[in-house]
Amino acid sequence: MKNDCLKIIIRGMKKNDVPQVSLIEEEAFGNHRWHEDAFYSELNNELSKYLVATLEDGSIVGFIGCWLIFEEAHIATFAISKKYQKKQIAQALMCSFIDICYKEEIKYITLEVRESNENAISLYEKFGMTSVSIRKKYYQDNNENALVMFSENIFYNKFKTIYNDIKKNIKKIEIIYE
Ligand SMILES: CC(C)(COP(=O)(O)OP(=O)(O)OC[C@H]1O[C@@H](n2cnc3c(N)ncnc32)[C@H](O)[C@@H]1OP(=O)(O)O)[C@@H](O)C(=O)NCCC(=O)NCCS
């Protein structure tokens, strides 16, 4: 059965991935997107960790980018190409990113999300993250508020149980780590 699954490769982002990643960013965030230069400088930032999810032919279908600062990981940008959404690719990228957090002894995951972005909020809530405050008019394009979301301490059993259950239930795709 597993052989019929879509195979997804997860690996670190490289400089020559940036043009493809930018296209997914544009599709996801329109005018409020990051430009290619921002990604190139992020790849030179020693606090940044960027992962991509690709198909077997190498085409990129999603990515996640975060900053690791002391005991916190801040998700800076995250998107899955529209055609490949709802296939558990975001959950797989989150799990890989959490594995990095464990290795780096990061305790908490945090992020800002538009308060209208129900899909992303639902994804983060699935990982047990909760909204702890609101940044008023955080998004300059439409003055939308941002929810600030935080995880539990990821070393606590409560978080580990959620994380292990999510990992176990990723069945729509087969993940290959590089
Ligand atoms: C949010 C996003 C990354 C989710 O990617 P995805 O690969 O489709 O997500 P998954 O298939 O792994 O789904 C994980 C969970 O996310 C939530 N979710 C994702 N898409 C959803 C949808 N269309 N409707 C409702 N919930 C949704 C659900 O909780 C889902 O769990 P479930 O399938 O058990 O209901 C994707 O929709 C996206 O790229 N959106 C545009 C960019 C964006 O908003 N980025 C986040 C910025 S903070």
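Me: Which residues does Leu68 touch, not counting residues up to four places away in sequence?

Reply: Leu68, which is found in strand 3, touches Leu47, Lys49, Ala73, Glu104 and Ile106 once residues up to four places away in sequence are set aside, where two residues are in contact if their C-beta atoms, placed from the backbone, lie within 7 Å. Strands (E, at least two residues) and helices (H or I, at least four) are DSSP runs, numbered from the N terminus. This is a predicted model, in which local features need pLDDT of at least 70 and side-chain atom pairs count only at pLDDT 80 or more, while totals for chains, interfaces and linings use all residues. Residues are numbered from 1 along each chain as its sequence is written.

Me: Why is Leu68 called partly exposed?

Reply: A residue is buried if 20 or more other C-beta atoms lie within 10 Å of its own, exposed if 12 or fewer, and partly exposed in between. Leu68 has 17 other C-beta atoms within 10 Å and is therefore partly exposed. The C-alpha atoms of Leu68 and Asp17, 51 residues apart along the chain, are separated by 21 Å.

Me: How do you know that Gln88 counts as buried?

Reply: Gln88 has 21 C-beta neighbours inside 10 Å, and therefore it counts as buried. Gln88 is found in the loop between strand 4 and helix 3, and, leaving aside its neighbours within four places in sequence, it is in contact with Ile170, Lys172 and Ile173. For one of these, Ile170, which is 82 residues from Gln88 along the chain, the two C-alpha atoms are separated by 6.4 Å.

Me: What makes Glu46 count as exposed?

Reply: With 6 C-beta neighbours inside 10 Å, Glu46 has a count that makes it exposed. Its place is in the loop between helix 2 and strand 2 (48-54), and its C-alpha atom is separated by 32 Å from that of Glu118, 72 residues away along the chain.

Me: What is the sign of phi in Phe70, and why is Phe70 called exposed?

Reply: Phi of Phe70 is near 50°, a positive value in a residue other than glycine. Phe70 lies in the loop between strand 3 (60-69) and strand 4, and it is called exposed because 10 other C-beta atoms lie within 10 Å. Lys137, whose place is in strand 6 (residues 130-139), likewise has phi near 50°, a positive value in a residue other than glycine. Lys137 is exposed because the count is 11 other C-beta atoms within 10 Å.

Me: At what angle do helix 1 and helix 2 pack, and what does that make helix 1 with respect to helix 2?

Reply: Helix 1 (residues 18-29) and helix 2 (residues 36-43) pack at an angle of about 125°, with their axes 9 Å apart. That makes helix 1 oblique to helix 2, because angles under 35 degrees count as roughly parallel, over 145 as roughly antiparallel, 65 to 115 as roughly perpendicular and the rest as oblique. In this contact Val18, Pro19, Val21 and Ser22 of helix 1 meet Glu36, Phe39 and Tyr40 of helix 2. By class, the contact of helix 1 with helix 2 has five nonpolar, one polar and one charged residues, where Ala, Val, Leu, Ile, Met, Phe, Trp, Tyr, Cys and Pro count as nonpolar, Asp, Glu, Lys and Arg as charged, and the others, Gly among them, as polar.

Me: At what angle do helix 3 and helix 5 pack, and what does that make helix 3 with respect to helix 5?

Reply: Helix 3 and helix 5 (residues 157-168) pack at an angle of about 135°, with their axes 10 Å apart. That angle makes helix 3 oblique to helix 5. The contact is made by Gln91, Cys95 and Ile98 of helix 3 and by Tyr163, Ile166 and Lys167 of helix 5. These residues divide into four nonpolar, one polar and one charged.

Me: Which of the residues around the ligand come nearest, and which helix supplies the largest share of the shell?

Reply: Of the 19 residues around the ligand, Gln85, Ala90, Asn119, Ser122 and Leu123 come nearest, a residue being near if its C-beta atom, placed from the backbone, lies within 6 Å of the molecule. The largest share of the shell, five residues, comes from helix 4, and by class the shell has 10 nonpolar, six polar and three charged residues.

Me: Why is Asn119 called exposed?

Reply: Asn119, which is found in helix 4, has 11 other C-beta atoms within 10 Å and is therefore exposed.

Definitions and conventions: Axes fitted to C-alpha atoms, helices over the stretch in contact; angles between N-to-C directions.
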